[in-house]
Amino acid sequence: AGAGAGAGAGGTAVAGSGTARKEPSEKTEASAAAARGSAVPQIDRARACYAFFPPPRHINACPKAEPFAVPREGLMNEVLERENRRSLPENFCNRSRVVYDAFEANPAQRATPGHPVDPASGMPWPYYAPTDPSDDTLVFESRFESGNLRRAVHVPPYEYDLSLRTDVYTNGYTQWFYFAITNMRKDIEYTINITNLYKSESQYSQGLRPVMYSEKRAERENLGWFRCGEDIAYFANSQRRSESGGYTLTFKVTFPYADDTCYLAHCYPYTWTRLQRQLAALEHFDTDSSRVRREKLCNTLAGNRVDLLTITNFKSSPAEIAARKGVMLTSRVHPGETGASWMMEGMTKYLVSDTPRASELRNNFVFKVVPMLNPDGVINGNYRCSLAGVDLNRQWKSPHSLKHRPIYCAKEVIRELCAEREVLVYCDLHGHSSKNNVFIYGCESH
């Protein structure tokens with residue numbers, strides 16, 4: 001969905017039905033606060049298990065359309081032959097070395113237990129630091145909000161085997177990745193192998209490409225995330241074929257600038273911190289709270305906020321509001337399905353916008369919106385589960401009031417909404433790892 005398009009000052013002018021509509025943006029928050037002479041509310045810091053560094057800030061400008069990659073003839077045979085050669089100990093073990101680990105300290109830096117910490121910043125040192133200007137080893141980092149990379153192994157000269165961290169308190173669900181790379185050289189083709197993916201089917205087999213963000217490109221060319229990667233292949237690796245491993249995503253990548261900071265991700269990231277900024281922008285766009293009202297639904301196991309929005313025309317009389325039908329919208333129960341949050345952001349911005357159709361919707365319906373059901377999973381870079389180590393989307397029948405609190409509280413909202421008005425639809429937004437385009441699953445017959 002294109003809901004993540006960049007926003008200008010004071011909102012985004014969006015063409016449609018011959019009329020431009022004004023929507024909230026992050027800049028609305030600052031400008032509205034300045035006009036009132038008040039301070040912009042501070043965004044709470046995400047509470048995480050593994051995120052030591054502040055969340056990266058990315059601009060939203062992206063290419064409008066990027067086609068699937070078309071694999072060249074004979075690629076898969078080449079990849080499998082290379083995999084068979086590399087699986088031999090004499091071709092791999094003596095040459096490889098660990099250059100990143102999200103949990104373990106570098107053995108060369110184990111002066112103190114745990115992660116060595118920079119006393120000036122209080123942040124962990126990088127696992128690997130280049131030894132001199134000629135050292136062209138890539139430097140990896142994933143210990144920030146929504147980041148996921150467990151380990152990186154360098155196979156000289158320009159190949160890297162990566163493994164992802166499993167969802168917290170589980171032994172699986174390795175699919176989402178999001179990490180930073182520095183110390184690259186321009187015009188060098190690097191081979192990236194992510195070796196412990198768990199799904200047998202993936203859009204990477206159909207030509208899906210990962211996304212990259214270059215800080216230098218964003219600064220110099222005003223371009224944010226873009227698709228990257230050549231010779232992309234997805235296959236059952238040698239460990240999987242021996243029934244003890246998983247699947248590998250391999251691709252070649254060339255970085256646009258030398259000595260840059262680049263990010264690679266499974267899909268366009270959407271963090272909990274971005275959501276908090278976006279919801280603050282919604283509130284400041286609607287200065288008199290006549291369209292949207294925000295409240296805390298609950299806190300998660302880690303103490304992160306779960307938001308509930310109510311969107312309708314609050315200037316109407318109580319009788320008019322009581323007569324309206326209800327709509328329930330939720331999103332992001334699965335942390336790795338970031339497209340769900342981009343769709344939800346587009347929906348909420350549209351529903352509170354100035355367009356006549358949005359006004360008509362507010363005059364006829366009461367929308368209850370939970371934009372992020374699983375903040376803990378999102379913050380900690382999980383693919384599917386919460387900090388309880390379970391898929392929250394499988395807990396709706398009998399959610400535990402503490403372990404599955406966002407589901408428990410969302411279910412209470414649905415009960416209350418059904419008790420006070422007719423509810424036309426409950427729509428829960430997701431992403432999908434192997435299906436294309438936009439589609440809807442309806443209710444089962446029973």
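The legends below describe close-up views of a predicted model of one protein chain.

**View 1. The whole protein chain, with its secondary structure and surface.** In this predicted model, the secondary structure of the protein chain comes to eleven helices and 18 strands. The chain has 446 residues, of which 50% count as buried. Its accessible surface comes to about 21200 Å², and carbon and sulfur atoms account for 51% of that area. Among the contacts with a separation of 6 or more, 71% are between residues that lie 24 or more positions apart.

**View 2. The open sheet of five strands.** The five strands follow the order β4-β7-β13-β9-β10, with antiparallel pairing, and together they form an open sheet. The edge strands are β4, residues 139-141, and β10, residues 226-227, each of which pairs on one side only.

**View 3. Strand β9 with β13 and β10.** Strand β9, residues 211-214, runs antiparallel to β10 and is joined to it by two bridges; in one of the pairings between these strands, Met212 of β9 has Phe226 of β10 as its bridge partner. Strand β13, residues 262-265, also runs antiparallel to β9, and four bridges join the two; here the bridge partner of Tyr213 is Tyr263. Both faces of β9 are covered, since Val211 and Tyr213 on one side, and Met212 and Ser214 on the other, are all buried. Tyr213 is thus a buried residue of β9 with a bridge partner in β13, while Met212, which is likewise buried, has its bridge partner in β10.

**View 4. Helix α8 and its buried residues.** Helix α8 covers residues 339-351, and because 13 residues at 1.5 Å a residue should span 18 Å, the distance of 18 Å between its end C-alpha atoms agrees with expectation. The buried residues of α8 are Ala340, Ser341, Trp342, Met344, Glu345, Gly346, Thr348, Lys349 and Leu351, a list in which Glu345 and Lys349 appear beside residues such as Trp342 and Leu351.

**View 5. Helix α11 and the strands that cover it.** Helix α11 covers residues 405-420; its 16 residues should span 22 Å at 1.5 Å a residue, and its end C-alpha atoms are 23 Å apart, which agrees. Buried in this helix are Pro406, Ile407, Cys409, Ala410, Lys411, Val413 and Leu417. What covers these buried residues includes β14 (292-299), β15 (305-311) and β16 (325-331), together with β17 (365-370) and β18 (423-429).

Methods:
Residues are numbered from 1 along each chain as its sequence is written. This is a predicted model: local features need pLDDT of at least 70, side-chain atom pairs count only at pLDDT 80 or more; totals for chains, interfaces and linings use all residues. Side-chain values use heavy atoms; hydrogens and water are left out. Two strands pair if DSSP finds at least two bridges between them. Buried means under 20% relative accessible area, exposed over 50%, partly exposed in between (1.4 Å probe, protein chains only). Contact means heavy atoms within 4.5 Å. Accessible areas come from the Shrake-Rupley method with a 1.4 Å probe; for residues, only the protein chains shown count as cover. The expected span of a helix is 1.5 Å times one less than its number of residues.
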